[in-house]
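Please read the report below alongside the sequence and the 3D structure. It moves from the overall fold to one helix pair and then to charged side chains and cysteines.

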Amino acid sequence: MEALLSAPRPLRADARRNREALLSAARQAFLSGDTDAHVEEIARSAGVAVGTLYRHFETREALIEEVYRKEVDELCAAPTDLLDHHAPDEALRLFLLLLVDHAAVGKGMSVALESIMATDSPVFGDARTRMANALSLLLEAGSAAGTVRDDVTGPTLLRALGGICHMRAAEGWLAEARQITTLLFDGLRYGATPAV
């Protein structure tokens, strides 16, 4: 009974719309390069008062963290949909490219994200775990289909991608990162044991 009493009440429709508008405005600001966007500007872009922003997010850092968490939620929901519409190896290839694109989003948010890197927020560890699990799901499906080798784990593949995306400060890095990711994918298919 106590757990039922302490459960947060669902947001009213107008409050839910305001929260989504704030997240969308913050995401657009950060991705457009306005990494120093003030809460007043974000609230104005969302069409709400600053007080409304603070009712949903106690601090600017809490807003940034939620924007990033939402990006990760969308990214980590992709493998199931990809597997529903593509062969396992193609689903893996597409997800690898989505991860590279996610790093491009992270580049746009990197300065904003730095403000929460020094906190005790678990957001980055959680994101890495969820991305590694998503990769593991795709690797296992590819291995079961006999189109992807079975000796690579999700965490290992995520570290390899991290190395590729680490060069994102370089000019033209995204096109090169996609090319290297394609080579990495080819390596994942090499040595696959065909399904019987």
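The following paragraphs describe the chain as a whole, then the contact between two helices, then salt bridges and cysteines.

This is a predicted model, in which local features need pLDDT of at least 70 and side-chain atom pairs count only at pLDDT 80 or more, while totals for chains, interfaces and linings use all residues. Residues are numbered from 1 along each chain as its sequence is written, and side-chain values use heavy atoms, with hydrogens and water left out.

**Overall fold**

The protein chain contains nine helices and zero strands, where helices (H or I, at least four residues) and strands (E, at least two) are DSSP runs numbered from the N terminus. Read along the sequence, its pattern is therefore written α-α-α-α-α-α-α-α-α. Of its 196 residues, 39% count as buried, a class that means under 20% relative accessible area, with exposed meaning over 50% and partly exposed lying in between (1.4 Å probe, protein chains only). When contacts (heavy atoms within 4.5 Å) between residues at least 6 apart in sequence are considered, 69% of them join residues at least 24 apart.

**Helix 5 against helix 7**

Two packed helices are described by the angle between their axes and the distance between the axes. For helix 5 and helix 7, the axes come within 10 Å and cross at roughly 5°; here axes are lines fitted to C-alpha atoms, for helices over the stretch in contact, and angles run from 0 to 180 degrees between N-to-C directions. The two helices are therefore roughly parallel to each other, given that angles under 35 degrees count as roughly parallel, over 145 as roughly antiparallel, 65 to 115 as roughly perpendicular and the rest as oblique. On the side of helix 5 the contact includes Tyr-68, Val-72, Asp-73, Cys-76 and Pro-79, and on the side of helix 7 it includes Val-123, Arg-130, Ala-134, Leu-137 and Leu-138. By class, this contact has 14 nonpolar, one polar and four charged residues, where Ala, Val, Leu, Ile, Met, Phe, Trp, Tyr, Cys and Pro count as nonpolar, Asp, Glu, Lys and Arg as charged, and the others, Gly among them, as polar.

Two residues of helix 5 illustrate this contact. Tyr-68, which lies in helix 5, counts as buried at 10% relative accessibility, and its C-alpha atom is 8.2 Å from that of Val-123, although the two residues are 55 residues apart in sequence. Pro-79, also found in helix 5, counts as buried at 1% relative accessibility. The C-alpha atoms of Pro-79 and Leu-138 are separated by 6.8 Å, with their positions 59 residues apart along the chain. Leaving aside neighbours within four places in sequence, Pro-79 is in contact with Phe-95, Ala-134, Leu-137 and Leu-138.

**Salt bridges**

How many salt bridges does the count come to? With a salt bridge taken as a side-chain nitrogen of Lys or Arg within 4 Å of a carboxyl oxygen of Asp or Glu, the count comes to 10. Examples are listed here with their N to O distances.

| Acidic residue | Basic residue | N to O distance |
|---|---|---|
| Asp-73 | Arg-130 | 2.7 Å |
| Glu-90 | Arg-93 | 2.8 Å |
| Asp-186 | Arg-189 | 3.0 Å |

The pair of Asp-73 and Arg-130 links distant parts of the chain, since Asp-73 is in helix 5 (residues 60-85) and Arg-130 in helix 7 (residues 123-145), 57 residues apart. Asp-73 counts as partly exposed at 33% relative accessibility, as does Arg-130 at 31%.

Glu-90 and Arg-93 are three residues apart in helix 6 (residues 88-117), which means that about one helical turn separates them. Glu-90 is partly exposed, with a relative accessible area of 27%, and Arg-93 counts as partly exposed at 26%.

Asp-186 and Arg-189, three residues apart in helix 9 (residues 173-189), are likewise separated by about one helical turn. Asp-186 is partly exposed at 35% relative accessibility, and Arg-189 is partly exposed at 38%. Elsewhere, salt bridges that share partners join Arg-19, Glu-65, Glu-66 and Arg-69 into one network.

**Cysteines**

Taking a disulfide as a pair of cysteine sulfur atoms within 2.5 Å, the count comes to zero disulfides. Cys-76 counts as buried at 16% relative accessibility, and Cys-165 is buried with a relative accessible area of 11%.
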